[in-house]
Amino acid sequence: FRILAAPVMGYQYWQEDKLCVRIKTASEAPTGEKPKHFWQVPVWCDGVVKILDITQKTVQRDLQNLDNNSEWGNLLGYDVIVSRNGDGMDTTYTTTPCPKSALPADVKTAYEEFEKDYDPETIFDVKNSENGDELPF
């Protein structure tokens, strides 16, 4: 996938196992809840703009390391491949950067069109707390 903008970060927990509630800080969670850190980011994947939720700590860490790396730098400049191995508690993720490349014109146009109706802050509204796309693998 190709990250198209900076992620919105926050925390989420499930209410009655049905409603994903997203909050900006962990301290906003009700007593007894252990919210999970998430990133929500627009990406180009499978030929369309999608909203991707990244909750896996190892993937977040790897992406942040790439972004901070002097050789790779800004995640907007290249695609990333995230692979999943295993199941359940034995699941591991591998994050691999692709060679740097300019954002294709059709992708840029698609994102500009998508952005017209995209307000990332609405994810913190309870009425909009449906879970977005999970990692596509």
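A residue is called buried here when its relative accessible area is under 20%, and in this predicted model Tyr118, with a relative accessible area of 19%, therefore counts as buried. Tyr118 belongs, together with Tyr111 and Phe114, to one aromatic cluster, which offers a convenient point of entry for the description that follows.

The model contains four aromatic pairs. One of them joins Tyr111 and Phe114, whose rings are stacked, with a distance of 6.1 Å centre to centre and an angle of 25° between the planes. These two residues lie three residues apart in helix H2, which spans residues 105–115, and so they are separated by about one helical turn. Within this pair, Tyr111 is buried, with a relative accessible area of 10%, whereas Phe114 is partly exposed, with a relative accessible area of 24%. Phe114 also pairs with Tyr118, and because the centres of these rings are 5.1 Å apart and their planes stand at 35°, this pair is tilted. Phe114 is thus found both in the stacked pair with Tyr111 and in the tilted pair with Tyr118. Another aromatic ring, that of Phe38, has the charged end of Arg22 sitting over it, 5.3 Å from the ring centre.

The largest nonpolar core comprises 16 residues, and those with the most contacts inside it are Phe1, Ile3, Val43, Ile54, Leu63 and Leu75. Two or more residues are given to this core by each of strand S4 (36–45), strand S5 (48–54), helix H1 (57–68) and strand S6, with S4 giving the most, namely four residues. The surroundings of Ile3 illustrate the packing in this region: when its neighbours within four places in sequence are left aside, Ile3 is in contact with Val41, Pro42, Val43, Leu63, Leu75 and Leu76. A second core, separate from the largest one, consists of seven residues, among them Leu4, Ala5, Val49 and Tyr111; Tyr111 is accordingly a member of this second core as well as of the aromatic cluster with Phe114 and Tyr118.

Strand S6, which contributes to the largest core, covers residues 80–85 and runs antiparallel to strand S7, which covers residues 92–97, the two being joined by six bridges. In one of these pairings, Val82 has Thr95 in S7 as its bridge partner. S6 and S7 together form a hairpin with six residues between the strands, and in the turn Gly86 has a positive phi of about 85°.

Notes: Residues numbered from 1 in each chain as written. Predicted model: local features only at pLDDT ≥ 70, side-chain atom pairs only at ≥ 80, totals over all residues. Heavy atoms only, no water. Pairing = 2+ DSSP bridges. Phe/Tyr/Trp six-rings, centres within 6.5 Å; stacked < 30°, edge-to-face > 60°. Buried < 20%, exposed > 50% of the residue type's maximum accessible area, 1.4 Å probe, protein only. Lys NZ or Arg CZ within 6 Å of the ring centre and 35° of its normal. Core = buried A, V, L, I, M, F, W, Y, C linked by side-chain atoms within 4.5 Å. Contact = heavy atoms within 4.5 Å.
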